[in-house]
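Subject: Structure for you to look at

Dear colleague,

Please find the structure below. My notes on it follow, starting with the nucleic acid and ending with the empty spaces.

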2 protein chains.
Amino acid sequence: MSAREPRQIASDAGLSKQRVVAEAVRLADREGVDGLSMRRLASALGAGAMSLYHYVASKEELLDAMIDIVFEEIELPPEETDWQSAMRRRAVSARQVLAHHPWAIGLMESRTSPGPANLRHREAVTACLRRAGFPVLMATHANWLLDSYVYGFALQEASLPFDTADELADMTENVFLPQLPPDEFPYLNESAAALVAAGYDPAEEFIFGLDLVLAALEPLRASA
Amino acid sequence: MSAREPRQIASDAGLSKQRVVAEAVRLADREGVDGLSMRRLASALGAGAMSLYHYVASKEELLDAMIDIVFEEIELPPEETDWQSAMRRRAVSARQVLAHHPWAIGLMESRTSPGPANLRHREAVTACLRRAGFPVLMATHANWLLDSYVYGFALQEASLPFDTADELADMTENVFLPQLPPDEFPYLNESAAALVAAGYDPAEEFIFGLDLVLAALEPLRASA
DNA sequence: TTGACAATCGTACAGCGTACGTCCATAGTA
DNA sequence: TACTATGGACGTACGCTGTACGATTGTCAA
């Protein structure tokens, strides 16, 4: 056997589906999903465009795999605590992950077949709810409600044109308010002013609604 | 003045921004947002691709206008009833509209500047909450919570690979269950079986979570 | 040495958004 | 009636895209 490495031209070691998909996620994080092309992805990996098709059957499959990587990053509900703490943990984790990969939210609408990490995640959440005493159909309801809140919040957060409280203040003064004549939009004006004054933190906002939902679900379980 | 119409070659009367955007929405409904290209849209209107650019500055602007048409279709909260009924009406309407235009959900993530119909809608919802007695910041919280639920539900619904209870039963038996070994996914198996047995109606599922959220918000308003 | 095989590549094609320049029916003016 | 200005529609072109196809390469079994 020769002392030579198998192959190694431009950037790194050999390709693999893992490496391809992981780099695709990085690229989408940086440039958005519209900036992700097979050529750009390939050149980020130091390869030719067609080489990618040995690891991924099509761009569609690549996108599916990217979504599943995102689900892999979301913390599963821990088993050792009460159900509310467990669901809060995983919901907070989901929001964080989706905030890091905003393209994933928009992608979900068009991808209908769940990947393995997605399935593992759903299984763990359902298990948590069932063990907490929710009847089968009630666990389904709770699942829908919680997931709707998490995804919807992430979707709204992704479409905000600012990231920090300072940026919010700037944009409110220079962009929003000029577009909102006070006589036509009195309540939005009031609301914008109050929001700037109070400061705005998406993490806090998220927790508020989440705890409200969790508390509302509590009486629906048949406590052991 | 001549008896001759101004212009009329292939399909209809003259173009206009309204007609262009409305046809774009129809096309996206039929073929998804990926199937919407300037050429296909133009040919659906009996025009050349470049003619569209007289009414829309770019495809981005077209997409923004499409989103705003969707918001125009959503019923505003009626003023004559109690706040819960009003919010339920507009939430149900929003779900229906988004179910008809699933591409809109995925689009929102990338479009950060709200159109006029969007602003009118937000103003009306905020007004309804404020008049019901919610303090300013509490109205903001309620807004976030309700919108998160509506958008998130629509997002999940759009990513379901079936539309009717029958299709669910078919797909569960022939697609899902074969992918879900009972020892690895006991709870998902149980849940799928119960769901097929109970029948599934997204409208009912939506109302369940919605009413739960509305009831949870009730004590947070300073009732007059 | 030969052959099989998987990984990688260059090339090609149709379709995309859109910049640019041209055409022509109409409106306004003389 | 003749002339010009205007603005909507269009054809062409450029640089992208996803990916089908065939050729090239490195590696290993027989």
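A polar atom in the side chain of Y53(A) sits 2.6 Å from a phosphate oxygen of DNA strand D. Please keep in mind that this is a predicted model.

DNA strand D

Y53(A) is among the residues that come nearest to DNA strand D, along with R39(A), K59(A), G48(B) and Y55(B), out of 19 residues around this strand. The side chain of K59(A) also reaches a phosphate: one of its N or O atoms is 2.6 Å from a phosphate oxygen of DNA strand D. R39(A) contacts a base instead, with a polar side-chain atom 2.6 Å from a base oxygen of DNA strand D. Of the strand D atoms within 4 Å of the protein, 55% belong to sugar or phosphate, and the rest belong to bases. Helix α2 (residues 38–44) of chain A provides the largest share of the surface near DNA strand D, namely three residues. By class, that surface has nine nonpolar, five polar and five charged residues.

DNA strand C

Around DNA strand C there are 19 residues, and the closest are G48(A), S51(A), H54(A), Y55(A) and Y53(B). Which atoms of M38(B) and K59(B) face phosphate oxygens of this strand? For M38(B) it is a backbone N or O atom, 2.8 Å from a phosphate oxygen of DNA strand C. For K59(B) it is an N or O atom of the side chain, 2.7 Å from a phosphate oxygen of DNA strand C. R39(B) has a polar side-chain atom 2.6 Å from a base nitrogen of DNA strand C. Sugar or phosphate accounts for 54% of the strand C atoms within 4 Å of the protein, and bases account for the rest. Here helix α2 (residues 38–44) of chain B gives the most to the surface near the strand, with three residues. The surface near DNA strand C divides by class into nine nonpolar, five polar and five charged residues.

The contact between the chains

Chain A and chain B each bring 56 residues to their contact. The size of an interface is often given as the accessible area lost when the parts come together. For chain B and chain A the buried area is about 5200 Å², with 71% of it on carbon and sulfur atoms. E109(B), W144(B) and Y187(B) supply 15% of the area that chain B buries against chain A, more than any other three residues.

Pockets

The largest pocket holds about 1100 Å³ of space. It is lined by 44 residues, and those closest to its centre are S113(B), P114(B), N118(B), L119(B) and R122(B). Both chains take part in this lining: α7, α8 (165–179) and α9 (186–198) of chain A, and α1 (17–31), α3 (59–73), α6 (116–131) and α7 (136–158) of chain B, each supply at least two residues. The largest share, eight residues, comes from α3(B). By class, the lining of the largest pocket has 23 nonpolar, 13 polar and eight charged residues.

The second largest pocket has a volume of about 950 Å³. Of the 40 residues that line it, P114(A), N118(A), L119(A), R122(A) and L160(B) lie nearest its centre. Two or more lining residues come from each of α3 (59–73), α6 and α7 of chain A and α7, α8 (165–179) and α9 (186–198) of chain B. Which element gives the largest share of the lining of the second largest pocket? That is α7(A), with seven residues. The lining of the second largest pocket comprises 23 nonpolar, 12 polar and five charged residues.

Cavity

The structure has one cavity of 30 Å³ or more. About 50 Å³ of space lies in the largest cavity. Its lining is made up of F71(A), R90(A), N118(A), H121(A), R122(A), V125(A), N143(A), D147(A) and Y151(A). N118(A) and R122(A) thus appear in this lining and are also among the residues nearest the centre of the second largest pocket. In chain A, α6 (116–131) and α7 (136–158) each supply at least two residues of the cavity lining, and α6(A) gives the most, with four. By class, the lining of the largest cavity has three nonpolar, three polar and three charged residues.

Regards

Terms used. Residues numbered from 1 in each chain as written. Chains lettered and ligands numbered in written order. Predicted model: local features only at pLDDT ≥ 70, side-chain atom pairs only at ≥ 80, totals over all residues. Heavy atoms only, no water. 1 Å grid on protein atoms, 1.4 Å probe; cavity = no way out; pocket = protein on both sides within 12 Å on 5 of 7 lines; lining within 4 Å. Points joined across faces, edges and corners; volume = space filled by probe spheres on them. Nonpolar A, V, L, I, M, F, W, Y, C, P; charged D, E, K, R; others polar. Near = heavy atom within 4 Å. Polar contact = N/O pair within 3.5 Å; in protein donor to acceptor, adjacent residues only side chain to side chain. Contact = heavy atoms within 4.5 Å. Buried area = accessible area lost by both parts, 1.4 Å probe.
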